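Subject: Structure for you to look at

Dear colleague,

I am handing over the structure we spoke about, and below it you will find notes on what turned up when I went through it. Please read them with the model open beside you.

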Amino acid sequence: AMLKTIRAINKHCLQYKRFSSKMEPSTNLAQSLKKDKDLVANLLKSRMFVIPSFEIYGGVGGLYDFGPAGCAVKNNVEQLWRSHFILEENMLEVNTSCLTPE
């Protein structure tokens, strides 16, 4: 499963390189980074890695849902994290709420 995820990421990286090669060279680094950030964000959204939460209702700022590929990457990262910290380092895992009151 990990190899399949890595291949999918490599495929999307190649697509990003193709898209970024079409971009105009910019003399302003901040402009260039913003264009790259927007390009990556649009690519991730179009490939359903991440999707703004409640998008069909206008969206909620700062909240995102994972698509199928995003879930696979997230689960693989969590599994690697758990195997290192919980199994090798003998730490305990705690699961808490993600949203907190103001």
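A pocket, as the word is used here, is an open set of grid points where a 1.4 Å probe fits, with protein on both sides within 12 Å along at least five of seven lines. Please keep in mind that this is a predicted model. In it, the largest pocket holds about 160 Å³ of space. Ten residues line this pocket, and those closest to its centre are I9, H12, C13, L44 and F49. Helices α1 (2–21) and α2 (29–46) each contribute at least two residues to the lining, with α1 giving the largest share, four residues.

Turning to the aromatic rings, the count comes to one aromatic pair, formed by W81 and F85, whose ring centres are 5.2 Å apart and whose planes meet at 40°, so that the pair is classed as tilted, being neither under 30 degrees nor over 60. Both residues belong to helix α3 (residues 68–88), where they are four residues apart, about one turn of the helix. W81 counts as partly exposed because its relative accessibility is 43%, and F85, with a relative accessible area of 29%, is partly exposed as well.

On the surface, F54, I56, Y57 and V60 form a nonpolar patch, and their accessible area together is about 510 Å². One of these residues, Y57, is found in the loop between β1 (50–52) and β2 (64–66), and Y57 counts as exposed because its relative accessibility is 69%, over the 50% cut-off.

Best regards

How values were computed
Residues numbered from 1 in each chain as written. Predicted model: local features only at pLDDT ≥ 70, side-chain atom pairs only at ≥ 80, totals over all residues. Heavy atoms only, no water. Phe/Tyr/Trp six-rings, centres within 6.5 Å; stacked < 30°, edge-to-face > 60°. Buried < 20%, exposed > 50% of the residue type's maximum accessible area, 1.4 Å probe, protein only. Patch = residues over 30% accessible without salt bridge, like charges linked within 9 Å, V, L, I, M, F, W, Y side chains within 5 Å. Areas by Shrake-Rupley, 256 points an atom, 1.4 Å probe, with all protein chains shown as cover. Salt bridge = Lys/Arg side-chain N within 4 Å of Asp/Glu carboxyl O. 1 Å grid on protein atoms, 1.4 Å probe; cavity = no way out; pocket = protein on both sides within 12 Å on 5 of 7 lines; lining within 4 Å. Points joined across faces, edges and corners; volume = space filled by probe spheres on them.
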